[in-house]
Amino acid sequence: LKFMRLIETNMAVYNKVSGSRVRIKCLSGFKPSTLQLLFIWLCLAAVYPRLLVEGAKQYSREELEALPVKKIRSVGDDFVMQKNYDKALEAFTLAIEKEPENEKNYYKRVKVHEKTKSFGKALQDLNRALEINNEYTNAFSLRARIYMNLGKCSDAVADYETVLKLKPTHGDAKKQLPKATACARDVEKIELLVERGIWDEAERSLDEVIDSIGKVPHLLYLRARSRYGLGKYYEAVADLGSLLKQEKDDVDALLLRGQAYYRVGEHEMAQRHIREILKYDPEHEATKAFYRTLKSLVKHSEEGDKALGMATHDGLIKAVEHYESALEVDPSNTEFLKHVYVKLCKCYAKLKKKTEARQACERARQIDTGLVDAYTIYAEFLLKVAETSDEFEEAVRMYKEAAEHHGNDPKIRDGLRRAEVALKQSKQKNYYKILGVSRDAEGGAIKRAYRKKAKELHPDRHQDKGEEEQKKMEVLFQEVAEAYEVLSDDEKRGKYDRGEEVFENQGRPQQRRPHGFPFNFPQGGGGRRFNFNF
C-alpha cells in the first residue's frame with residue numbers, strides 16, 4: 001500500500017496512446033528500480049483497456065481514409081483493445097479496400113471475427129489471405145486453431161502439417177498436431193455413423209468425444225443431427241443453441257434448429273429461425289422450401305381450428321377438409337400430426353361418423369400411445385351412440401387402455417366407471433336406449449323423446465291388433481314410462497348413471513305403477529281404458 005501511494009503521488013499517466021505503448025512521466029525526481037518499474041507496469045496492465053478507451057483518438061471515416069494503411073491497422077488494433085468491434089471491423093475493412101492484395105489486412109480482420117464469433121467469415125478471410133500468400137505460417141496456424149475450436153479436426157491436421165513443413169520448429173503446431181490427429185480419427189468414425197443414420201451409436205460416441213474435447217460447434221451439430229434422427233427434438237434444440245452461441249451465423253445449425261422446433265409444433269420459433277437464416281442468405285433454397293412447407297401446414301391447421309370453433313355442422317365439414325389437407329402437406333411430421341388426428345377424431349365424432357372417428361383416433365394412438373385424448377374422445381363418442389353390448393365393451397376397453405398410461409387422471413377414472421355402468425345396463429334395461437336419446441341428453445330432449453314414444457306405443461293406437469301384439473305394446477309402453485320417470489328426475493337419473501339401484505326390481509319386467517306415471521289404467525270390467533294427457 002505504501003508503494004502504491006508512492007506511485008500515485010509521484011507518477012502521472014498521460015492520456016496519450018501510441019500503438020501499444022503508454023507513456024509514463026516520472027515526477028519529483030523519483031527513479032524506480034527495475035523491479036519497481038516491472039511492478040508499475042503490472043499495475044498498469046490491469047487498467048490498460050480503460051486507458052485506451054479514455055485516451056484513444058476517435059477517427060471519422062474521412063480521417064481514417066486519409067491515413068496510410070499501416071496506421072489504419074494500428075487504429076483497428078486500438079479499437080479491438082477497446083472492444084469496439086464495429087469500429088475495428090470498419091478500420092480493417094478499409095485497409096482491405098485500400099490494399100486488397102495485402103494478406104495482413106485479412107489476418108487482422110480475422111481477429112475481429114473471432115471476437116464476434118463469426119467463424120465462417122473468419123475462415124473466408126484466412127482463405128483469402130492464404131490465396132495471396134500460400135506460405136503465410138501465421139494464417140495456417142490460426143486457421144488450424146479455428147478448425148479445432150469448430151471440431152473440424154481433419155482440416156486442422158492438414159493445416160498443422162503445413163505449418164511444420166514451412167517452419168519445422170513451430171512450437172504450437174508440434175504440440176497441437178497429435179491432439180488434432182486423435183480428434184480427427186474419432187470424428188471421422190462419428191461422421192460415418194451419422195452418414196449411415198446409425199443415430200443411437202453416433203450419439204453415444206459424440207457424448208464421449210464432447211466430454212473429452214469440449215462443446216465445439218461441429219461436434220454439437222453432429223450430435224444434434226443424431227438426436228434429431230432419434231426424435232429427441234428438444235435435446236437437439238439445446239445442442240444447437242450452444243453451437244449458435246459460438247457461431248451465430250451458422251446457417252446449417254439455424255435450419256436444423258428451426259426444423260426441430262417445427263417437429264414439436266412450435267411454429268413461431270421455427271419461423272423465427274427461418275427469418276434469421278434469410279438475413280444471412282436470402283436465397284438459401286433449403287430454407288425457402290422449408291418455409292413453404294411450414295406456411296402451408298400452419299395455414300391448414302389454423303383454418304381447421306377456426307372452423308372447429310364455429311361449432312356448426314358446416315364448420316365441422318370445413319375443419320375436416322383443412323385437417324385432411326394438413327396431413328397431406330408433410331406426412332413425416334408425426335409429432336405434430338398426431339394432434340391433427342385427434343382433432344379429426346373429434347370432428348368425426350361430432351358428425352357421428354363412427355368409422356372415420358375410430359380410424360383417426362387409432363392413427364393418433366399409433367404415433368403416441370400416451371395421447372389420452374385419442375382414447376377418451378372415441379370412448380365418449382361410443383358411450384353416446386352405442387346400442388349393443390359390444391360397443392359398450394369397446395368403450396370400456398378404450399378407457400382401460402388410457403388408464404394404463406394415465407391411471408391417475410380423474411377424467412379417465414370417471415370415464416371408465418361410467419363405461420362399466422353403461423355396459424352393465426346394456427345387458428339389462430337401458431333407459432336411454434328405450435327413449436332413443438344419448439347419455440348426455442338434456443331434460444328437454446328427454447321429454448320430447450318420451451312424448452313421441454308414448455304416442456307411438458299408446459294402447460289406444462293398437463286396439464285393432466291381436467291380443468298378443470297388444471300385450472307387447474303395453475309392456476313397451478310401460479318401459480317408456482319407467483324410463484321417463486327415472487331420466488326426468490335428477491336424483492334418480494344420477495343413481496342410474498352411477499349404476500345404483502333406483503328402485504326395487506329395477507330393470508326387470510314388472511307390473512308396476514311408477515310414481516308420477518301420467519297414464520290412468522282403471523281396473524274395472526269391460527276392457528282397458530287409457531287416458532293420455534300431454
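**Pockets of the predicted model**

Helix 7 makes the greatest contribution to the lining of the second largest pocket, supplying four residues; helices (H or I, at least four residues) and strands (E, at least two) are DSSP runs, numbered from the N terminus. The model is predicted, with local features requiring pLDDT of at least 70 and side-chain atom pairs pLDDT 80 or more, whereas totals for chains, interfaces and linings use all residues. Residues are numbered from 1 along each chain as its sequence is written, and side-chain values use heavy atoms, without hydrogens and water.

The second largest pocket (an open set of points on a 1 Å grid over the protein atoms alone, where a 1.4 Å probe fits, with protein on both sides within 12 Å along at least five of seven lines) has a volume of about 380 Å³. Volume here is the space filled by probe spheres set on the points, which are joined across faces, edges and corners. Its 16 lining residues, defined by an atom within 4 Å of a point, include Lys152, Glu247, Asp250, Val251 and Asp252, which lie nearest the centre. Two or more residues each come from helix 7 (119-132), helix 12 (217-229) and helix 14 (251-263). Seven lining residues are nonpolar, three polar and six charged (nonpolar: Ala, Val, Leu, Ile, Met, Phe, Trp, Tyr, Cys and Pro; charged: Asp, Glu, Lys and Arg; polar: the others, Gly among them).

The largest pocket encloses about 710 Å³. Of the 26 residues lining this pocket, Glu380, Phe381, Lys384, Val385 and Ser438 lie nearest its centre. Helix 18 (334-350), helix 20 (373-385) and helix 23 (431-435) each give two or more residues to the lining, with helix 20 providing the largest share, eight residues. The lining comprises 12 charged, 10 nonpolar and four polar residues.
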